[in-house]
Amino acid sequence: VFAEQSAPVFDRTPEQRALREVVRALLADRAPVSRAREPAEHGRRHDPELWAVLAADIGVPGLLVPEHLGGSGAGLTELAAVVEEAGRVLLGGPLFPTAGLAVPALLASGDDEACADLLPGIAGGTTTATLAVPTTWRADDVAVTADDGTLTGTCPLVLDGADADLVLVAARGTAGVRLYAVDGAAAGLRREPLATLDLTRTMAHLALDRVPARAIGAGWDAVLAARDVAAVLMAAEQVGGMDAAVAATAEHARTRRQFGRPVGAFQGVKHRLADMAVRLELARSATEWAAWQRPGAPEFRVGALVARIHASEAYLQTAMDMVQLHGGTGFTWEHDAHLHVRRARADHALLGTPAALRAELAPLIAGVAA
Amino acid sequence: MSTTELIITPDLDEAGIAAAVDAWLLAHLPDDWRAAAEAGDRAAVGTLLADEARTTDWFTTLGESGLATPSWPVEHGGFGLPASGAGVVVERLQRYRAERPERDFVGLALAGATILEWGTDEQKQRYLPPLRRGQELWCQLFSEPGAGSDLAGLATRAVPRDDGTWLVTGQKVWSSYAHLADVGLLMARTDPTAPKHRGITYFLLDMRSPGVTARPLRQMTGDAEFNEVFLDDVVVPDTARLGPVGQGWAVAISTLMAERNGLSGRPAVGPGESDRLVAAAVASGAWDDPLLRDRLVAAFVAERVLQTATVHSFARAGSGAPTAEGSIRKLSLAALTETLGELGTEIGADPAAALAWPADGPIPPATHAFLASKTYSIAGGTSEIQRNIIAERLLGLPKEPDPEAALPFSERGRT
């Protein structure tokens, strides 16, 4: 959107810039936004050939994974850049659930054995994974119980839940809530694909009836730590979506003519677009700042929540404005604008709503107990 | 006072710059000043900063060191630091309340940047050293009663005289500290037959010149910090002209860019005004109101986000020239300031205290801040103008129509 300043500031090294460029070119070629609605319209989870390039060749799910576990040990900044590019074309499929949810959850678990068993397959691109936790991300809302090495209960909304090879399920055992690894093909696991508001991502309802499961690492705190990492990544994805929405809307305002002028000549249009650009720039800055912090540090959680709260509200408003400024065309099924509206609204709730995250932020900034 | 040598070069990293500044401050900042700042003793710091003899001494020391002007080139007493490094210097100084006061903003940030870009060697020698040492106060003489958002429509005339000087006549307005200032950044029309943007010339006006009258204007806060300035047959030497005749608008763009970029604060992410309001709300019990709490957290988020944008912008800009992107932060700052101003009046133990107070007492700070909160949505270009700039320069939307833009200035108003 910003011609002379499009290179984000923390994308400093040539390697980081090259990674972004490679992914952007690949997605523009193989997953243009015109294909983004395939998951819902054709029941197509994703493009397996694209995933093979992203996962096995480029090593996207291994970006956060240490080298001795088959990853590249790069940082959050690198993965955020990739996810932002995915957000730009509204890419669904296993990318976010695997790289953005499952990998951070395994890493945060501190369970070396589970990481050694599970991460190499993920990093190598042979295993896709996801995380099954309540959309509220509240331990009290976990509706799966662990008993004698098996899980029973339901998880109402899981990204890529019908197809992921590995599902990390939050369940309540005698020692409280923690994660359990479940094979996607395990006996007793029923996975029901859902109709989704967001046409670009598949989601499923999981019902578990004495499904064999392996307990992983630490408790709920580790899940929340992974949530913070996922929050930064989803904010990056939202920035990508917003960037595409602002660019498309600005292009429309420059070219669509009414009353003998481009509609972008009218301040009612111009100022709304300016506000869209402001929200985008702020979201990008907050997200890059958050990605730049060290996970686990106290400022990381604050930075992650700040970025996520702003990006969620900004993307939803931007998507709605995109429809508004495209007029009747923007309200049609054919136009891409509603894909942004749908994803922005779904994202708004996934990983915690802005209001819930503000409530979580409140005690952190007040220096008082929750 | 010891003479700890201060060596700061552009290749030093941010931690290195911070360490160098801290070491220098340890050696040079008076002990009582340091102690008051470290203790967070607002009253003691306030007393110190109000003592003109002490601040004069300090600003001289600071100016000689180069720390008052870290981004200036070495030959003009700075360190040639990029914006990010200069931000570190300011941030370290602010920790000890040792930075130059806000009223020097026009001088240090605006006059400094504009003179460095457009000044002759003689002008740099004349104006930069006193600016650096805090010996001269600057004001801006841009807006006029008939030229607000349409700044290029200014009518103040500068007429060349046979002896090479200029005779300036007109009226300026909204000039902060003009009644105290030594030098003013002046735009005046030198060619009324040219289209409005092209007939302007930029001058550095000696505010003590005969014919200059500054009359304080009372603002909605009750303060009288800004002025209307009358220029009646003021003789201005040609050596005070900054940039070529007729190029004043281009010179002013340098000033305006520096202004937008300078307003949104230091490039750091950390405790700000919202943190102060949160602490006050916790102390007063207002924090227990869930609706107020949510609004405070939302303001905290907005402030942190703006801080990251400032950091982002400084890092991206390096030592490059400021861009229209500063308008994004200026616009956000304006909205945030209004939000914070409003919240500030709601979080007291007794919110009614913001509405009425003892007849012999001063206006409560929160009430004053609320009234002042409209400042940034108007000063330095209104939010509407900033939106035009963002839409036109960053998004490539059509420019606002201006039927007078191509007309000779003298024929304006006839369309």
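**Cavities, a pocket and a kinked helix**

Visitor: How many cavities of 30 Å³ or more turn up in the whole structure?
Guide: The search finds four. A cavity is a set of points on a 1 Å grid over the protein atoms alone where a 1.4 Å probe fits but cannot get out, and lining residues have an atom within 4 Å of a point.

Visitor: What should I know about the model first?
Guide: It is a predicted model, where local features need pLDDT of at least 70 and side-chain atom pairs count only at pLDDT 80 or more, while totals for chains, interfaces and linings use all residues. Residues are numbered from 1 along each chain as written, chains are lettered from A and ligands numbered from 1 in written order, and side-chain values use heavy atoms, without hydrogens or water.

Visitor: Thanks! What volume does the largest cavity have?
Guide: About 210 Å³, taken as the space filled by probe spheres set on the grid points, which are joined across faces, edges and corners.

Visitor: Which residues lie nearest its centre?
Guide: A:Ala31, A:His46, A:Asp47, A:Leu91 and A:Gly92, out of 21 that line the largest cavity. In chain A, α2 (38-41) and α3 (48-57) each supply at least two lining residues, and the largest share, three, comes from α3(A). Helices (H or I, at least four residues) and strands (E, at least two) are DSSP runs, numbered from the N terminus.

Visitor: And what surrounds the second largest cavity?
Guide: Its lining has 13 residues, with A:Leu101, A:Leu131, A:Val133, A:Trp137 and A:Leu350 nearest the centre. Strands β1 (129-132) and β3 (150-159) of chain A give two or more residues each, and β3(A) gives the most, with three. The space inside is about 140 Å³.

Visitor: Switching to pockets, which residues line the second largest one?
Guide: There are 27, and A:Leu282, A:His310, B:Ala302, B:Ser332 and B:Ala335 lie nearest the centre. Two or more residues each come from α8 (267-292) and α9 (298-330) of chain A, and from α10 (290-317), α11 (326-344) and α13 (383-394) of chain B. The volume of this pocket (an open set with protein on both sides within 12 Å along at least five of seven lines) is about 590 Å³.

Visitor: Where is the kink in α9(A) centred?
Guide: On A:Gln324, with a kink of about 60° (the angle between axes fitted to the seven residues ending there and the seven starting there).

Visitor: Last one: how many disulfides over all chains?
Guide: Zero, counting cysteine sulfur pairs within 2.5 Å.

Visitor: Are A:Cys155 and B:Cys139 buried or exposed?
Guide: A:Cys155 is buried (under 20% relative accessible area, with exposed over 50% and partly exposed in between, for a 1.4 Å probe and protein chains only) at 4%. B:Cys139 is buried too, at 0%.
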